[in-house]
Amino acid sequence: MGNTYPLLEVDLSVIKRNVDVLLQRCASWHLQLVAVTKGFLADAPLVSLFYHSGIASFADSNLENLLKIKNLLPPGIRLLFISLPMKEEIETIVVEGITPFVSHWETVEALNLEAKKRGKVVPIFLALESGDAREGFLPEEIEEMGDKISNFSHIHIEGICSTLACLSGVLPDERILQRLVDFKEKWEKKWGRKIILSVGGTTFLTLWEKEKEIKGVDEIRLGEALLLGNDISRGKPIEWLEGGAFTLKAEIVEIKSKEPDRKRDKGFDAFGEINLPLGEGKRKRMILALGKQDSDEHQLCFADENAKIIGATSNYLVMDIEESDKIYQVGEVVQFQAGYGAVLRAFLSPYVRKAYHW
Ligand SMILES: *Cc1c(COP(=O)(O)O)cnc(C)c1O
């Protein structure tokens, strides 16, 4: 028996409009658009939508998702592995013709060895650290590495890449961008051929919003913009895109007036967090059958502003509805707009049913 709820509903028409607007915008900037699929486990209906709208490059941080895309779409699709490979993944990357991001000499050596064994050439992107202190070659080592790696017989350096606002929230600016463009141009001159400068993610759109022309960058990898029309790095929606494509529905399983025992000592909750109650005395609370296993409660938006999320356990979401004028009932299904993390968690949860509609 599969549960009816929780349910994640995906409105494909919203995403289709975002894809079309972004493809147009990228074309005017002479940028390739790469669809990042890690936020929805490269689920087939969305991948197909992207493909049929004209996107031919896909990127994911999980190899399994890339293989799913490869099986789904006709040959000739470009697949970027935007996660540094583990050594167990080297063989699959080479055999399946996937383009990884790399930041270590040893990884490139292993890729080269495997490619030689199989008579193939592996395309790679050299990841450059640009201030977010996540993955990438350091500025002081990249020069030497570029030279060394370009001498490998079975490696083809397709380009260089950088990712910002992913871990430390460091936003891109013109100075960071110019450094990347300078690198690219220097190597193009040295190697006598074009290479690709690939940047991500959505945070770059806000930087470029008012620009007519983007110089030196060749492609942009986008996830959040396509799916949610939002830029979480700046905590705001992108005005010329649409949100609201992902609705998470859950059932109310308890409504009672309660208060946590204030006299007793308190520790942390089951997940090491502290969930403070609102106000004083007994307050009306409702419990939904929607837990941390299914969603990220920090990225759920509820239409009734007077109902507040208190916290979540693995299987419950607890909300304070004392101040709400709405009447809620046990057995009723309520809905939330889900942000990136909540969408990802819903796709990862076998307990959440997914339904697509136009
Ligand atoms: C997730 C990711 C992206 C996409 O980022 P969004 O902000 O969702 O657009 C791009 N590049 C890399 C390397 C990523 O990990």
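Reader: What makes the count of cavities come to one?

Author: This is a predicted model. A cavity is a set of points where a 1.4 Å probe fits but cannot get out. With a floor of 30 Å³ or more, the count comes to one cavity. The largest cavity has a volume of about 30 Å³.

Reader: Which residues line the largest cavity?

Author: A lining residue has an atom within 4 Å of a point. By that rule the lining is made of Lys258, Glu259, Pro260, Arg262, Pro277, Leu278, Gly281, Arg283, Arg285 and Asp320.

Reader: How many residues of this lining are nonpolar, polar and charged?

Author: The split is three nonpolar, one polar and six charged. Asp, Glu, Lys and Arg count as charged, so Asp320 and Arg283 fall in that class. Gly counts as polar, so Gly281 goes there.

Reader: Why is Asp320 called buried?

Author: Buried means under 20% relative accessible area. Asp320 has 2%, so it is buried. Asp320 sits in strand 16, residues 317-320.

Reader: What makes the pair of Asp320 and Arg283 a polar contact?

Author: The cut-off is 3.5 Å between N or O atoms. The two side chains come to 2.7 Å, so the pair is within the limit. The side chain of Asp320 also has a polar atom 3.1 Å from the backbone nitrogen of Glu322.

Reader: Why is His30 called exposed?

Author: Exposed means over 50% relative accessible area. His30 has 67%, so it counts as exposed. His30 is in the loop between helix 1 (12-28) and strand 2 (32-36). Its phi is positive, about 55°, although His30 is not a glycine.

Reader: Where does Leu41 lie, and what is its phi?

Author: Leu41 also has a positive phi of about 55° and is not a glycine. Leu41 is in the loop between strand 2 and helix 2 (44-53).

Reader: Which omega goes with the peptide bond from Tyr5 to Pro6?

Author: Omega is near 0° there, and the bond is cis. Pro6 belongs to the segment before strand 1 (7-11). The bond from Gly200 to Gly201 is cis too, with omega near -5°. Gly201 is in the loop between strand 8 (196-200) and helix 8 (203-208).

Reader: Which residues are around the ligand?

Author: The test is a heavy atom within 4 Å. Gly201 passes, and so do Val36, Lys38, Ile82, Arg134, Thr163, Thr202, Arg221, Leu222, Gly223, Glu224 and Tyr340. This shell holds four nonpolar, four polar and four charged residues.

Reader: How do you know that Lys38 makes a polar contact with the ligand?

Author: Again the limit is 3.5 Å. An N or O atom in the side chain of Lys38 is 2.6 Å from a ligand oxygen, so the pair qualifies. The side chain of Thr202 also has an N or O atom 2.6 Å from an oxygen of the ligand. Gly223 uses a backbone N or O atom, 2.8 Å from a ligand oxygen. On its own, the ligand has 390 Å² of accessible area, and the protein covers 91% of that.

Reader: What lines the second largest pocket?

Author: A pocket is an open set of points. The second largest pocket has a volume of about 340 Å³. It has 17 lining residues, and the closest to its centre are Lys266, Asp269, Ile274, Asn275 and Leu276. Strand 15 (residues 308-312) gives the largest share, three residues. By class, the lining has nine nonpolar, four polar and four charged residues.

Conventions: Residues are numbered from 1 along each chain as its sequence is written. This is a predicted model: local features need pLDDT of at least 70, side-chain atom pairs count only at pLDDT 80 or more; totals for chains, interfaces and linings use all residues. Side-chain values use heavy atoms; hydrogens and water are left out. On a 1 Å grid over the protein atoms alone, a cavity is a set of points where a 1.4 Å probe fits but cannot get out, and a pocket is an open set with protein on both sides within 12 Å along at least five of seven lines; lining residues have an atom within 4 Å of a point. Grid points are joined across faces, edges and corners, and a volume is the space filled by probe spheres set on the points. Helices (H or I, at least four residues) and strands (E, at least two) are DSSP runs, numbered from the N terminus. A polar contact is a pair of N or O atoms within 3.5 Å; within protein, one must be able to donate a hydrogen and the other to accept it, and residues adjacent in sequence count only if both atoms are side-chain atoms. Accessible areas come from the Shrake-Rupley method with a 1.4 Å probe; for residues, only the protein chains shown count as cover. Buried means under 20% relative accessible area, exposed over 50%, partly exposed in between (1.4 Å probe, protein chains only).
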